[in-house]
Amino acid sequence: MNLDALLEGWLGFGEDDWIALWMLFDDVAQELDTEDPNEILEPLLTLVRGLLRHGFLAGDSPADNDSVHFKPWPNQDPEAVVAFIRREWPRDDFPSWGDGPWLALPRASRH
């Protein structure tokens, strides 16, 4: 699995739009050719950490706010974001549209 290539693709996508957890999940699932959420978790967390290291912010799902303005979480520490995902993870299905975190670049960083 080439996580660096996945990360590069998402870095470019994130210049124009928000990135949902389910989108990352789906990409990793396809790359690994699996539908087992437990096999997808660790590579997914690696992608999330990578996006955060590149200046993305973790925030609420648009389902939790007005769907127009990105609402970043107060704690942007990558390990805190990963811990949140782990707490929410005991599941046997894919994340959905309303599941957080969503990730976005600050407006000033966008092209």
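Here are legends for close-up views of a predicted model.

**View 1. Helix α1 and its buried side.**
Helix α1 covers residues 3-13, and L6, L7, W10 and L11 are buried in it. Those four sit on the same side of α1, because they take up an arc of only 140° around the axis. As a reminder, an α-helix has 3.6 residues a turn, so residues three or four places apart point the same way. If you look at the face turned away from the buried side, you'll find the exposed residues D4 and E8. As for what lies over the buried residues of α1, the cover includes β1 (19-20), α2 and α3.

**View 2. Where α1 meets α2.**
The axes of α1 and α2 cross at roughly 150° and come within 12 Å. That makes the two helices roughly antiparallel, since an angle over 145 degrees earns that label. The α1–α2 crossing is right-handed. On the α1 side the contact uses L6, W10 and F13, and on the α2 side M23, L24, D27, V28 and E31. Sorted by class, this contact of α1 with α2 has 6 nonpolar residues, 2 charged ones and no polar ones. L6 and W10 turn up here as contact residues, and both are also among the buried residues of α1.

**View 3. Helix α2 against α3.**
Helix α2 (residues 21-32) packs on α3 with the axes 9 Å apart and an angle of about 120°. At that angle, α2 is oblique to α3. Here, too, the crossing is right-handed. From α2 come L21, L24, F25, V28, A29 and L32, and they meet P37, E39, I40, P43, L44, L47, V48 and L51 of α3. It's a greasy list: the contact of α2 with α3 counts 13 nonpolar residues, no polar ones and 1 charged one. L24 and V28 are worth a second look, as they meet α3 in this view and α1 in View 2.

**View 4. The loop after α2, with D33 and N38.**
D33 is in the loop between α2 and α3. Its phi is near 55°, a positive value in a residue other than glycine. For background, most residues other than glycine have a negative phi. D33 is exposed, with a relative accessible area of 72%. Also in this view is N38, a residue of helix α3. N38 is exposed as well, at a relative accessible area of 54%. Between N38 and D93 the sequence separation is 55 residues, but the C-alpha atoms are 9.6 Å apart in space.

**View 5. Helix α3 packed on α4.**
The axes of α3 and α4 are 10 Å apart, and the packing angle is about 150°. The pair is therefore roughly antiparallel, and its crossing is right-handed. L41, E42, L45, V48, R49 and L52 supply the α3 half of the contact, while P78, E79, V81, V82, I85 and R86 supply the α4 half. By class, the contact of α3 with α4 splits into 8 nonpolar, 4 charged and no polar residues. V48 belongs to this contact and to the one with α2 in View 3.

**View 6. R49 up close.**
R49 belongs to helix α3, which runs over residues 37-53. Is R49 buried or exposed? R49 counts as buried, because its relative accessibility is 19% and the cut-off for buried is under 20%. Setting aside neighbours within four places in sequence, R49 is in contact with E79, V82 and R86. E79, V82 and R86 are also listed among the α4 residues of the α3–α4 contact.

**View 7. V81 and the cis peptide bond at P101.**
V81 lies in helix α4, residues 78-88. With 1% relative accessibility, V81 counts as buried. Which residues does V81 touch, not counting those up to four places away in sequence? V81 touches V48, L52, A58, W73, N75, Q76 and P101. By contrast, Q30 is 51 residues from V81 along the chain, and their C-alpha atoms are separated by 23 Å. Now follow the contact to P101, which lies in the loop between α4 and β3 (102-104). The peptide bond joining G100 and P101 is cis, with omega about 5°. For comparison, most peptide bonds are trans.

Definitions and conventions. Residues numbered from 1 in each chain as written. Predicted model: local features only at pLDDT ≥ 70, side-chain atom pairs only at ≥ 80, totals over all residues. Heavy atoms only, no water. Buried < 20%, exposed > 50% of the residue type's maximum accessible area, 1.4 Å probe, protein only. Contact = heavy atoms within 4.5 Å. Axes fitted to C-alpha atoms, helices over the stretch in contact; angles between N-to-C directions. Parallel < 35°, antiparallel > 145°, perpendicular 65-115°, else oblique. Left-handed = near helix turned anticlockwise from the far one by under 90°. Nonpolar A, V, L, I, M, F, W, Y, C, P; charged D, E, K, R; others polar. Arc of directions from axis to C-beta.
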